[in-house]
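This report covers the surface and overall dimensions of one chain, then a single hairpin.

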Amino acid sequence: MKHRIKILTALMGFFCVLTLSMTVDAKSTVTPEPAIYAKSAIAVDADSGQILYQKNANQPRAIASISKLMTVYIVHQQIRANKLAWDDKVKISSELAKLSTASGLTNVPLTAGKAYSVRQLVNATLVESANAAALALGQKVAGTATKFAALMNKTARKIGISDGHFYNASGLTNKLTGKLALSHVSANAENLLSAKDVALLAQNLLQKFPKVTNITEQTTSTFYGTTMTGHNQLIDDHNLGQGVRVDGLKTGTSDKAGACFVGSATTNGKHRIITVVLGARNKSANDPARFIQTAKLMKWVYATHQPIKLAAGATIAGVDKAKIPDGKQTTILPVTKATHWAWADKGTSAKQISGQYVNQPAKLTSPTKKGTQVGQARLSIDGKRLQYIGHSAGKLVMVTNQSVKKANFFVRLWRAILRLF
């Protein structure tokens, strides 16, 4: 008997060790978050704004020429509102012409008194990161540098950017804009945004004006005989993963900002992500640090995450039934109004996704039509709530999946009597 107990004890010990070993091996297969060597960074889904990675993402920092994304966004808005056209001409002042040839600044040469089209200046702003071209666009839109700075800040608030500040269209320090510098503002004042707000700006630009990538994916272009060379070293990079392609978006560099980059990438033409790296190493003009860190972040997202589709009309576990007190049926299970993609670790199934109402769901009155809004729900995976950029992002609209007729008088009367007891 004692011999059998010893054997049984040994076997139990063996299986415990085996189980522990399997647990350790299982844990070791989980890829940890990458170490991103930059002051701030973030990666988000371009459509939903779901945050996939973040590091010091809420702290406003100098963003240098990434500011030009706001300038280009406003230009696109003006064109859509028929207040500006791509072929409109922009006459160059002597101050802008002088700035366009200033030593140490990225530019295309502009001639005083000559007129350039809005399209040409936008291309120069995004491909060459031309500072004078961006400032010229700001003056064209608002009349003065001061008014355009005010418009940039107003636009930022409209899209949900509450922190940070814009001083000019280019991202240069105030003093480097020469005679266009703002009065009563520090000479060293520089545009500030957090990594999260930069991602929000990029998301708005890509969602509302997706053709902008036709410009940002260019590696070279020409401007009146001047060859423009793009600064994005990840364009045509084939080492990011199978099917991963980068098509934007903007670099930024200054002494205060360090090396910065906003990336935009898709896998097999779908599931676009936006990455932001602020304050990477900047030892020289050709230092690839920001692109190395961005590539690391993009590879990690696509290698370790998968987007899970929640189709329109899907039920979400944890989202309670809606009440219809006077309906033929008194409750109804809500479904999603629109398709939503939720990113999760690879191997996660849709069954692990649950939801919870943001507010108390509405009590519906009958007759209730199919598609009537019940409330909004936030998603969680294995109990961990998904995070998003933007104030209203991540709130799924839940609606009724069928029509419900009103119960007859006697049924409603009987229910009323039962409620008394």
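In this predicted model, the chain exposes about 21,500 Å², and carbon and sulfur atoms supply 53% of that area. Of its 421 residues, 48% count as buried. The charges comprise 54 positive and 21 negative ones, and the mean positions of the two sets lie 9 Å apart.

The secondary structure consists of ten helices and 20 strands. The chain is more spread out than a compact globule, because its radius of gyration of 28 Å is well over the 22 Å that the globule rule gives for 421 residues. Taken along the principal axes, the box filled by the C-alpha atoms is roughly 90 × 80 × 40 Å. When contacts between residues at least 6 apart in sequence are considered, 67% join residues at least 24 apart.

One hairpin gives a local view. Its two strands, E7 and E8, run antiparallel and are joined by four bridges. Thr222 has Thr227 in E8 as its bridge partner. Two residues lie between the strands, and Tyr224 in this hairpin takes a positive phi near 45°.

In a regular strand, side chains alternate between the two faces of the sheet. The two faces of strand E7 (residues 220–223) are listed below.

| Face of E7 | Residues |
|---|---|
| Covered | Ser221 and Phe223 |
| Uncovered | Thr220 and Thr222 |

Thr222 thus belongs to the uncovered face of E7 and is bridged to Thr227 of E8.

Terms used:
Residues numbered from 1 in each chain as written. Predicted model: local features only at pLDDT ≥ 70, side-chain atom pairs only at ≥ 80, totals over all residues. Heavy atoms only, no water. Rg over C-alpha atoms; globule rule 2.2 N^0.38 Å. Buried < 20%, exposed > 50% of the residue type's maximum accessible area, 1.4 Å probe, protein only. Contact = heavy atoms within 4.5 Å. Areas by Shrake-Rupley, 256 points an atom, 1.4 Å probe, with all protein chains shown as cover. Lys, Arg positive; Asp, Glu negative; His and termini not counted. Charge placed at Lys NZ, Arg CZ, Asp CG, Glu CD. Pairing = 2+ DSSP bridges.
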